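Welcome! Here is a short tour of one protein chain, taken a few features at a time. Keep the structure open beside you as you read.

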Amino acid sequence: MFNLIINLCEKHGFLRKIASSKLNSDQLKVGPIGTLLLHNLKKEWHYNFVTNKENTVFLADNGSFIEAFQFARNICMERLPFGIAEIQENKSELSKENIMCKEVDFNNYFSDEDKVNLKCSIFVSSVHSTQFFHQWQRQRRIWWRKFSPNPGRYSITDIKTDENNIQTVQIMATYPWNSQLVETILLYPKPKEAILEASKFKDGKKIVQSHCVVSNISLNAMFMNTICDAYDESTYKGKVRTLLRFHRKIAPYSITFAIFAEDLN
């Protein structure tokens, strides 16, 4: 079924195959129609994480996280919460985490230079971090379901805690061939070494330690997931048709029909 989807996307300009010297199979490039879909997906991500966020979120240039953090800390008068969103070019932090999918890994079909990681880090008080972590999981699952013609395919894994006390949860999309990782959410109880000295914030007259809740999304995986999620087979006049049913907000093209009633007089 996955190969049928790839062939359909290649036919309609969403994808194109290129020869790969690293893999036994072909790699994929985004086609001209797929570029429009990719743009709409990135726009919706930006709207959800930056524009329409309850907390103040600043967008950092690629590789300028520390500068953006210092700026956000000062502009927010050293008060929580606030966030830093990043569009990381030539990078995917999900590929090493996608251990549940053995047959199809969307990221493996793209070259390293084409990979983009969408990351958002929200700094919250240590008192409220666990509550925010659980709340964000539900919000993010709702976001994936909102654009899906099959919202029931999205699920949240159990929380895993590593030796550094970092909690991790994954949002998965279930397909006939396997489950696909679409987003990873992490709760860091300790800040990065680079911002360790600036990790304490004001809470009234008290000084509190910040925790960090992070969302990682591979743009390439989100693109492939959107296509696979939209794939549908329907019968028309006794024949099976293959379709891609996109949500109106992410569809590459929008068409409006104007129907005029005839003058009965």
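## A covered helix

In this predicted model, helix α5 is mostly covered, with 12 of its 12 residues buried. Following the helix along, you can find L219, N220, A221, M222, F223 and M224 buried, and also N225, T226, I227, C228, D229 and A230. Here a residue counts as buried when its relative accessible area is under 20%.

How far does helix α5 reach from its first C-alpha to its last? The helix covers residues 219-230 and reaches 16 Å, close to the 16 Å expected at 1.5 Å a residue.

## A nonpolar patch outside

Now turn to the surface. I255, F257 and I259 form a nonpolar patch there, and together they have about 460 Å² of accessible area. One of these residues, I259, sits in the segment after β13 (239-244). Is I259 buried or exposed? With a relative accessible area of 80%, I259 is exposed, because the cut-off for that word is over 50%.

## Rings that pair up

Aromatic rings are a good thing to look for next: the model has 19 aromatic pairs. In one of them, the rings of W45 and F49 have centres 5.4 Å apart and planes at 35°, so this pair is tilted. Both residues belong to helix α2 (residues 32-51), where they are 4 residues apart, about one turn of the helix. W45 is buried, at 0% relative accessible area, and F49 is buried with a relative accessible area of 0%.

The rings of W143 and F147 have their planes at 75° and their centres 5.3 Å apart, so that pair is edge-to-face. W143 and F147 are both buried. Which residues do ring pairs link into a cluster? They are F2, F106, Y109, Y175 and W177.

## Arginines over ring faces

Rings can also have a charged side chain over them in this model. R73 lies over the face of F201, at 5.2 Å from the ring centre. Likewise, R241 lies over the face of Y236, with a distance of 4.6 Å from the ring centre.

## An unusual loop

Most residues other than glycine have a negative phi, and most peptide bonds are trans. With that in mind, look at the loop between α3 (65-75) and β4 (82-89), where P81 is found. A cis peptide bond joins L80 and P81, with omega about 0°.

The loop between α3 and β4 also holds M77 and E78. M77 is not a glycine, yet its phi is positive, at about 55°. E78, also a residue other than glycine, has a positive phi near 60°. As for their surroundings, M77 counts as exposed at 61% relative accessibility, whereas E78 counts as partly exposed at 25%.

## Opposite charges that meet

Side chains of opposite charge can pair when their charged atoms come close. How many salt bridges does the model have? The count comes to 6 salt bridges. One of them joins D114 and K29, whose closest N and O atoms are 2.8 Å apart. This pair links distant parts of the chain, 85 residues apart: D114 is in the loop between β4 and β5 (116-125), and K29 is in strand β2 (residues 27-30). D114 counts as partly exposed at 24% relative accessibility, and K29 counts as partly exposed at 23%.

E78, from the loop between α3 and β4, meets R73 in a salt bridge, at 3.5 Å from N to O. R73, which also lies over the face of F201, counts as buried at 12% relative accessibility. The side chains of E183 and R140 form another salt bridge, at 2.9 Å from N to O. They too link distant parts of the chain, with E183 in strand β9 (residues 179-188) and R140 in helix α4 (residues 129-146), 43 residues apart. Are E183 and R140 buried or exposed? E183 is buried, with a relative accessible area of 0%, and R140 counts as buried at 1%.

Key
Residues numbered from 1 in each chain as written. Predicted model: local features only at pLDDT ≥ 70, side-chain atom pairs only at ≥ 80, totals over all residues. Heavy atoms only, no water. Helix = DSSP H or I, 4+ residues; strand = E, 2+ residues; numbered from the N terminus. Expected span 1.5 Å × (residues − 1). Buried < 20%, exposed > 50% of the residue type's maximum accessible area, 1.4 Å probe, protein only. Patch = residues over 30% accessible without salt bridge, like charges linked within 9 Å, V, L, I, M, F, W, Y side chains within 5 Å. Areas by Shrake-Rupley, 256 points an atom, 1.4 Å probe, with all protein chains shown as cover. Salt bridge = Lys/Arg side-chain N within 4 Å of Asp/Glu carboxyl O. Phe/Tyr/Trp six-rings, centres within 6.5 Å; stacked < 30°, edge-to-face > 60°. Lys NZ or Arg CZ within 6 Å of the ring centre and 35° of its normal.
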